[in-house]
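Reader: Got a minute to walk me through this one? I'd like to start with a side chain and then look at how some helices pack.

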Amino acid sequence: MKTFNKVCVVGLGYIGLPTAAVIASRGMEVLGVDVSTYAVETINQGKIHIVEPDLDMLVQAAVMTGKLKAATVPDTADAFILAVPTPFKEDKKPDLSFIEAAVKSIAPFLKAGDLIILESTSPVGTTEKISRWLAELRTDLVLPHQDPDNAQLYVAHCPERVLPGRILQELVSNDRIIGGITPRCAEIATSLYLQFVRGECLQTSSRTAEMTKLTENSFRDVNIAFANELSMICDTLKINVWELIKLANRHPRVNILSPGPGVGGHCIAVDPWFIVDSAPEQANMIRLAREINDYKPHYVMDKVIKAADEFKRPVIACLGLAFKADIDDLRESPAVNITLALKQQNIGEILVVEPNIKALPASLSELKPNLVSLPEAIEKANILLILVDHKQFKALSLAEVARKIVIDTRGIFG
Ligand code: SAJ
């Protein structure tokens, strides 16, 4: 089994930085690379530019012991892990430009025997593309797709699967899917993960590994869409969807997820489109689920507008902005989109409560003057719109909100 001493992690975001810090904490030398000089400078001071429980301590320790360094350009290493974003473009087609740029940036530093791992969630075939790009960039080295038996570089996909908020635990304890361009690539990549992962490392082809990750998130998206559709059906039929789901879930083989104001985050609302793009004729349910989940914020908006109609100048308190409970991440959050859209509709005064942030980011400056405490919001509002099931909101009693119109998209009052 190969032992790795130096690892270069390209992309120091929610996946790359925790991965770099965990690897460094196992005694390997890690160079973290990011295009953002702010991220690089922050990390080199032993601090972090993102929020994730316990990550600050881990990064601080790794930087202090000299095991983790950050830079804006790569350097030589035994293994290169690419953890850059894979968003989609306007037309819902995958944007691989960050991966391509990362591949170009590491190419000059590669030597025979090196391992290149793609961790970013990617459309099927991307890892093979990386091998082909590298073959063009480094004609002096043999790539695995060219000659599996005499390859001088190893290329594999090992999708990240960690849940924001639990990244450090899941990074170590989750099983990993390791897909090689060849079985030898998967074997070599497995030896790296065995140096810091406690979960099982399951080897397969790069294409299956890519599809596995997309499948996991699509599975969740489809199941959330089912719950969201039920919530709209139940509104029409005047049935409490939360009670309905609780009862249905008492069946030993039924496990319905929770409806919400829509699906946020950077993964579940994005990854299914990669499957739709690759197999548009076949991916009907996956596409429909995306459409249902994307429609849900509009449905919630309409409900609020109808409720607001009863007041001359309504005060609407939006409770929660994050994309899910008890985190501070506002990116791709349906709660943010609904709040902004309500503000733009100008149907009344909008108050915002988000206990996990101290100030609103500049992109939400429109809402800025209205970030208030929960008690203030409850006192002033006619309509309470619960958008996130943060623990502070779950602690509310029915008595506290008795005289308000409550639109509870998360079912905290059941
Ligand atoms: N949501 C619901 N109802 C539910 C569950 C979730 O409306 O019953 C909403 C959440 O409020 C949120 C969105 O879905 O807006 C996504 O939240 P999440 O907790 O389901 O997932 P993420 O995006 O934080 O992380 C997912 C995870 N994937 C799976 O659980 C299959 C994680 O393991 C992946 O690593 C991550 O995507 C990723 O990076 O791909």
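Author: Sure, one term to begin with: a polar contact is a pair of N or O atoms within 3.5 Å; within protein, one must be able to donate a hydrogen and the other to accept it, and residues adjacent in sequence count only if both atoms are side-chain atoms. This is a predicted model, so local features need pLDDT of at least 70 and side-chain atom pairs count only at pLDDT 80 or more, while totals for chains, interfaces and linings use all residues. Residues are numbered from 1 along each chain as its sequence is written, and side-chain values use heavy atoms, with hydrogens and water left out.

Reader: OK. What lies 2.4 Å from a polar atom of the Thr86 side chain?

Author: That's the backbone oxygen of Thr121.

Reader: Where does Thr86 sit, and is it buried or exposed?

Author: Thr86 is in the loop between strand S4 (79–82) and helix H4 (97–106); helices (H or I, at least four residues) and strands (E, at least two) are DSSP runs, numbered from the N terminus. Thr86 has a relative accessible area of 12%, so it counts as buried. The scale is under 20% for buried, over 50% for exposed and partly exposed in between, using a 1.4 Å probe and protein chains only.

Reader: Which residues does Thr86 touch?

Author: Leaving out residues up to four places away in sequence, Thr86 touches Asp95, Leu96, Ile99, Ser120, Thr121, Ser122, Val270 and Phe274. Contact means heavy atoms within 4.5 Å.

Reader: Switching to helices. At what angle do H1 and H3 pack?

Author: About 50 degrees, with the axes of H1 (residues 16–25) and H3 (residues 55–64) 9 Å apart. Axes are lines fitted to C-alpha atoms, for helices over the stretch in contact, and angles run from 0 to 180 degrees between N-to-C directions.

Reader: And what do you call that arrangement of H1 and H3?

Author: H1 and H3 are oblique to each other. Under 35 degrees is roughly parallel, over 145 roughly antiparallel, 65 to 115 roughly perpendicular, and the rest oblique.

Reader: Who makes the contact between H1 and H3?

Author: Leu17, Pro18, Ala21, Val22, Ala24 and Ser25 from H1, with Leu55, Leu58, Val59 and Ala62 from H3. By class, the contact of H1 with H3 has nine nonpolar residues, one polar and no charged. Here Ala, Val, Leu, Ile, Met, Phe, Trp, Tyr, Cys and Pro count as nonpolar, Asp, Glu, Lys and Arg as charged, and the others, Gly among them, as polar.

Reader: How about H8 and H9, what's the angle there?

Author: The axes of H8 (residues 206–237) and H9 (residues 241–248) cross at roughly 125 degrees and come within 9 Å. H8 and H9 are therefore oblique to each other.

Reader: Which residues of H8 and H9 meet?

Author: On the H8 side Leu230, Ser231 and Cys234, and on the H9 side Val241, Leu244 and Ile245. The contact of H8 with H9 divides into five nonpolar, one polar and no charged residues.

Reader: Now backbone oddities. What's up with phi at Asp326?

Author: Phi of Asp326 is positive, about 60 degrees, although Asp326 is not a glycine. Asp326 belongs to the loop between strand S9 (315–319) and helix H12 (334–345), and its 37% relative accessibility makes it partly exposed.

Reader: And Asn346, what's its phi?

Author: Near 55 degrees, a positive value in a residue other than glycine. Asn346 is in the loop between H12 and strand S10 (349–353), and it counts as exposed at 54% relative accessibility.
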